[in-house]
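Morning, everyone. I have one structure to go through, and I will keep it brief.

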Amino acid sequence: MAKKLNITRRDFLNGCALSLAAGTSLSPLEILARQNPGAPYPPLLSGLRGSHLGSFEIAHAVARTGARFRRPGTPTGATYDLVVVGGGLSGLAAAFLYRQREGADKRVLVLDNHDDFGGHAKRNEFVVDGQTLIGYGGSMSIDTPAAYSPASSKLLKDLGIEVERFYDYFDQGYFDRRGSQPAIYFEAGNYGTAKTLPNVLFDYRGSVDPAIVDDAIEQYPVDAASRRALRELVKGNRDYLAGKSIDEKLAILRSTSFSDFLRKHAAMPETVVTLIRDVFKGLWGVGFDAVSAFEAAQYGQPGTPGLALPDDALYGDDIDQPYIFHFPDGNASIARALVRDLVPGCVDGPTMESLVTAKLDYSKLDDPAQNCRIRLNSTAVDVRHTRNKELVDVTYVRESKTERVQARHVVLACYNSIIPSICPEVSSRQERAIRHAVKIPLVYLSIAVRNWRAWDKLGTHSIYVPNSNYMHSFGLDFPVSIGDYAFTSGPDEPTILHGSFVPAAPDRGLTDKEQSIQGRRRLLEMSFDDHEALILSQLEGALASGGYDAERDLAGITVNRWPHGYAYEYNHLYEPDDFSPANGPHLVGRRQIGRISIANSDSSAYAYANGAFDAADRAVSEQIDQ
């Protein structure tokens, strides 16, 4: 049993404020103001973050209960050229592209319901023993920039982000030089005993030493028959679809979950199926019970290499690049670069390197003297054209007050599914198309530690937790040193651990969307105390043999909670094969409505930064061209 550990009073307040609000007459926004008086620096706030207290209550009232807010009779301020609803990567990019194409003198207002900009590109900071640690709480990397569209590639370059520099900044040999290997943690509640052992389930990037496979599996706390079957699956090269043509194999793989492939075609015992199920849970938001065997084959999962499928059938024209294009704060540095251009003077430093450690002055974001303003803690509740269709009215709630602004153009870069609830001009057909997608709930955990000696002693940098009720993986952050920021040079130094929790509901016969809906409900019911207890339990269980001590080593926890996390991508186990970012209901869902356009990664059906950028490029072009 993990012992209770209160990290700081602030952690407790952030985690428990929602339950405290139920017993007081204060509104959530008033409680938030009392917790964080003045102008705080949001990246340093810990506890329950992401979709934090005060960011979602108004939107939930509008979408779930049909709450309506009176539109003020008089707009606030002069008419804007563009209002962007949503200050995530897509919304900030829309503001940037509009000003770039129409002129920096254009008046632009960005509204966001959170207390920080960037959307899911969230920055976490800790100060541990006088040292500032920087981590990411959401959108983490520039994935395969060579495959970016011309518009997205140009955006990065215009922001001064040269991806080639990451070949110098990301130390690809860091963990190999330390002899550090992936590990697997068997929780006592599921396997009868707590054990942390070498992870040989999947040879991720060639990091598993073949010499340890047999010895490792022999120590796995599963029955002898399961160990024999697992050895055959991991070490063998058997074609479990022998005798079938390539087309027949592909048809089976596309129409069968990988879990069922292991059961039906590889004859694996259920223990082995469950052991492998959640290996890539953080990529799809569900385990292999709701992901096709074809997707598993693309990643060379055990049991698929022997199928002898040609590369062009598996990968098509996919471009292979190392996963190294990562700022210490993930894509929050891209958001910072956008804000640096939009609001001159709010952040020092002209280069991509200086962005990482530069302090940002949040008090300047909504400066009346600036042509572009970013207004935080502001939730849009009604967006519609004026009677003459020459302007758009945008009503929003800020500090419990309703305000209205007018603009010649509007880009809705907010959570996609709320758009029909705040924009009455969305047609019923467009609404159905928008509702087709279900965002994936997830939690990104940033855990500050005063040292990582236990990891070094265990010889590992990342831990997979099979069949877990909480984190399915956690480990040391990416080894990136850039500008004045240096990754930890040794186990005696403080660093940040990153953990992932996807609240799916596996092996219950549910589709990916159904699992996301159930997971979202669970996530919204969890307090910070709930998260903290589960984190402590897993860290102590997995690292105990390395000498980990929570009271001594743990310095802080930030729980980045995203009930509406990853944008929905078409899962071909349940969707037609021809659905893709180029074809599907999202094309109807994102249709322009006069002076209103839609831009977010949901509208691209692609849960990556370039999906957000391409959507911004399209939306701005629609408005400029009309």
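I will take the cysteines, then one sheet and the helix that packs on it. Keep in mind that this is a predicted model.

Cysteines, then. How many disulfides does the structure hold? Zero. A disulfide here needs two cysteine sulfur atoms within 2.5 Å. Take Cys-372: the closest cysteine sulfur to its own belongs to Cys-346, and the gap is 9.7 Å, so that is too far for a bond. Cys-372 is also buried, at 0% relative accessible area. Cys-423 is the other case I picked. Its sulfur has Cys-414 as the closest cysteine sulfur, at 9.4 Å, again too far for a bond. Cys-423 is buried too, with 0% relative accessibility.

Now the sheet. It is open, has eight strands with mixed pairing, and the order reads S1-S16-S12-S15-S14-S13-S6-S7. Which strands stand at the edges? Those are S1, residues 47-50, and S7, residues 195-198. Each has a single partner strand, so one side of each has no neighbour in the sheet. On average, neighbouring strands are turned by 25 degrees against each other, ignoring direction.

At the S7 edge, the partner is S6, residues 181-186, which runs antiparallel to S7 and is joined to it by four bridges. In that pair, Phe-186 sits opposite Lys-195 of S7.

Last, the helix. H22, residues 512-525, packs on this sheet and touches three strands: S12 (440-449), S15 (495-501) and S16 (554-566). The direction of H22 makes about 45 degrees with that of S12.

That is what I have; questions are welcome.

Technical notes: Residues numbered from 1 in each chain as written. Predicted model: local features only at pLDDT ≥ 70, side-chain atom pairs only at ≥ 80, totals over all residues. Heavy atoms only, no water. Buried < 20%, exposed > 50% of the residue type's maximum accessible area, 1.4 Å probe, protein only. Pairing = 2+ DSSP bridges. Helix = DSSP H or I, 4+ residues; strand = E, 2+ residues; numbered from the N terminus. Axes fitted to C-alpha atoms, helices over the stretch in contact; angles between N-to-C directions. Contact = heavy atoms within 4.5 Å.
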